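Student: I would like a close look at one aromatic part of this protein, with its surroundings taken in order. Please keep the terms explicit as you go.

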Amino acid sequence: MFSFHTLSVIPRLPANISRVNEIAYNFWFSWNRPARELFFRINSELWDDVYHNPVKFLLRVKQEELHAAADNPEYLTLYRNVMEHFDGYVQGKKWYHTRYPGHAGQYIAYFSAEFGLHESHPIYSGGLGLLAGDHLKSASDLGLPLVGVGLLYKHGYFTQRINAEGRQEVEYPYLNFHEMPMCPATREDGKEILITVELPGRRVYARVWRVKVGRVDLYLLDTDIGRNCREDRDITAQLYGGNKDVRMAQEIVLGIGGVKALRELKINPYMWHINEGHAAFLCLERLREKVQEGVNPQVAAEAVTANTLFTTHTPVPAGHDVYTAEMMDHYFSHYLGETGLSRDEFISLGWDHDRCVFNMTYLAMRFADFVNGVSELHGHVSRCMFSKFFGSIPPEEVPIFHVTNGVHTETMMAEVMKELFSEYLAPDWRTNISNFDSWERVESIPDDVLWAVHLGLKKKTVDFIRHRLKMQRIRNYEPAERVAELEKYLDPEALTIGFARRFATYKRATLIFRDLARLTRLINDSSRPVQIIFAGKAHPADHPGQEMIKRINDFTREDPFRGKIVFLENYDINVARHLVQGVDVWLNNPRRPEEASGTSGMKAALNGVLNFSVLDGWWPEAFNGKNGFAIGEGKEYCNEEVQDLEDSLSLYAVLEEQIIPLYYQRQAGLPGEWLKYMKNSIKTVVPYFSTERMVREYAERYYVSGITRGIHFRQEDFSVAARLEAFKEFIRDNWHQVSVATLETASYTGLSAGDTLNVNATVYLGSIWQEDVVVEIAYGEVDNNNLTGIKAVPMKMEKKLEDNTFLYSGKLILPRGALGYTVRVRPSSPDFTHKFEVPLVTWACGMG
Ligand SMILES: *Cc1c(COP(=O)(O)O)cnc(C)c1O
């Protein structure tokens, strides 16, 4: 094999439509249909052939076709409208500019191992990537000065083929980056940017690509360049492919290389957001930079922590990315010197004592003053899972919060639904998704109109599925009758359930097959038939996941299910869009609480599809009994077998008793009750579960505070960071002296709600200053010998007794019910982000 250079030559665009090029190179097209129309109007067949990739389209389209478009008045009108809209979008004043006028140009760096922007850019595996892509899109919509950093995988994530035996086969496409909507990033002098990272015994180079997502830039690192040896060129070959060493190298390129790339680009972020642990090495690089500037390592660590946010997505300990100590030594021994840390200090930054491994999640948590989960339930699960880091702080007060995920509304909403909302909602609904009031007007959409639109979408999806299955069967050399019978597959009028997601085992794709006889009855009820559409990839190393795919594909060929249950290959953004737009019910049955959030159900709701889900992830926050259906009761289980059985029974019962009757209950041909549910679902889900609301929340709760904190900590050569670091160290060294010597309460008897309880406590502080602690009454409900719903009222220092002992008093206004209370002491500083920044607390009695 010989090597060659590649370049792409775009045909000369006629002068009067020359800016089509700009649209092709901006993923803004992925949520603006008129922008895509600029391409498919020229040649819709080619548009499908290039899988909706506008750059590839322009590389292939004939010069004559471009000229014809440039001479077509209708096309020119479209072109002018799109350009006007685009310019307005890119130049206009947005939410962030008005809300935080002083923060222009203070960049927020958002690091993620995957980004899902569009089907033509397959560098995502599932929800995590889609979320990252949607985060960028909404950051752009809202005008945040945010920049994304990720990796560019030559083979992307794999393409899934289902073979004639119904098994998953994987294909790795070779992505030609020159045919994709992105360009190599260049320095001011026009030279391409190359960054380097050190791996054991060698230097690895990476090119940096710039992807435009509306107003936001995403930078992707790519090691497939001639200066690297073969092995290193493959570091960025596949997303989540390769062995542990490849993963380590990828995470070094992402975290360390990503920081270097931003520096080369002269982008100096004020806030750093780590989306899941893969990118956590960025903290080490930031630490190293500061130490190289002469800052003491402990102080530097404090400064790094001050403006870092870590979003965790993994509710099970086994899901975290981990490395052995030997691997850490191998990859970092040369690096350590520049961080000023000893080997043991370094390892302890991410050491997981339970598993004796270096845990990327722990590293990220160590360096982030701000940590959040991705749904209310996941916040709770994370607080419990990580409470061991927080000493005797009650799990519910562990400082991990949550920002519930959302989706980029315009990307996943069907065009006809957008048109419908434009007709019946406030005219600015697209730029004000989170306005609940505006969505109330969904009620004004006539039932027959909404139903007609919905049925139209279902028909479109059925056509899409038949076509896809046909291509698959022809490719697999299946007999002609197997191809022909597809014409009879699926009925757009029948109740249609969609189930599409990664085939990770906890998502239990085969749960609905637990009782085959019962399922057969439901599917084959001739007056009230049910059909199910499945799609999803299993990671190539996940054998149980692949078995599930095989099993479902086997069922799809068996008689009671043939033509009524189908499996669509290669689940990706395109397939997802068709499915979430064109079914009736979106099924989601993970093993609770393993689904941190889930987002596909939110996409379904945008299109009037009803969720039918286990009360896991985002669903407990949305479900209200009239906007969808619940499986189970949100119980906790310690036995998976019991859980699977009970959930499946609930699934069948809700289907039989609620969903099927509701769908088939018709008046004048319309399912009136069902339509009520649809409207309810749109009203309650769309405004809240959007990345517009989510990114605003990140900005309001974390980004702006982190930016301010980062600036504060850097002042006067990091003197604030140094002061806080010294303070924390002193507190840690001396906290053991603190105790609550006595706790007295005036009277216990005859109290009723609203009465005041006077509490006195004497507290011994040893060498800690009285100003540096807070003494408070902590109280809550007594549940199972635990305090829950803990609240705290500060106590007042009345007088110094002797010998660093202080008398405190406080008043508790009594709520009703079984109450528990005590007194506790915790360190406090105006420089803390949250009250348990130093996870120490001393309790008066009995607790912890
Ligand atoms: C939305 C989406 C996901 C995430 O869906 P979950 O509900 O989290 O399973 C995964 N893959 C694709 C292609 C998606 O569009």
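Tutor: Helices here are DSSP runs (H or I, at least four residues), numbered from the N terminus. The model is a predicted one, in which local features need pLDDT of at least 70 and side-chain atom pairs count only at pLDDT 80 or more, while totals for chains, interfaces and linings use all residues. Residues are numbered from 1 along each chain as its sequence is written, and side-chain values use heavy atoms, with hydrogens and water left out.

The part to look at is centred on Phe-332. Rings of Phe, Tyr and Trp (its six-membered ring) pair if their centres lie within 6.5 Å, and planes under 30 degrees apart count as stacked, over 60 as edge-to-face and the rest as tilted. By this rule the model holds 47 aromatic pairs. One of them joins Phe-332 to Tyr-335 in an edge-to-face arrangement, at 5.7 Å centre to centre and with 85 degrees between the planes. Because these two residues are three apart in helix α13 (residues 325-339), about one helical turn separates Phe-332 from Tyr-335.

Phe-332 also pairs with Phe-346, and since the ring centres are 5.3 Å apart and the planes stand at 45 degrees, this pair is tilted. It links distant parts of the chain, with Phe-332 in helix α13 and Phe-346 in helix α14, 14 residues apart.

As for exposure, buried means under 20% relative accessible area, exposed over 50%, and partly exposed in between (1.4 Å probe, protein chains only). Phe-332 counts as buried because its relative accessibility is 2%, and Phe-346 counts as buried because its value is 1%; Tyr-335 is buried too.

The setting of Phe-332 is a nonpolar core, that is, a set of buried Ala, Val, Leu, Ile, Met, Phe, Trp, Tyr and Cys residues joined through side-chain atoms within 4.5 Å. The largest such core has 185 residues, and Phe-332 is among those that touch the most other members, together with Ile-23, Phe-111, Leu-144, Phe-281 and Tyr-703. Helix α29 (residues 691-734) gives the most to this core, with 15 residues. Phe-281 leads back to the starting point: leaving aside residues up to four places away in sequence, its contacts (heavy atoms within 4.5 Å) include Phe-332, Met-328, Tyr-323 and Phe-358.
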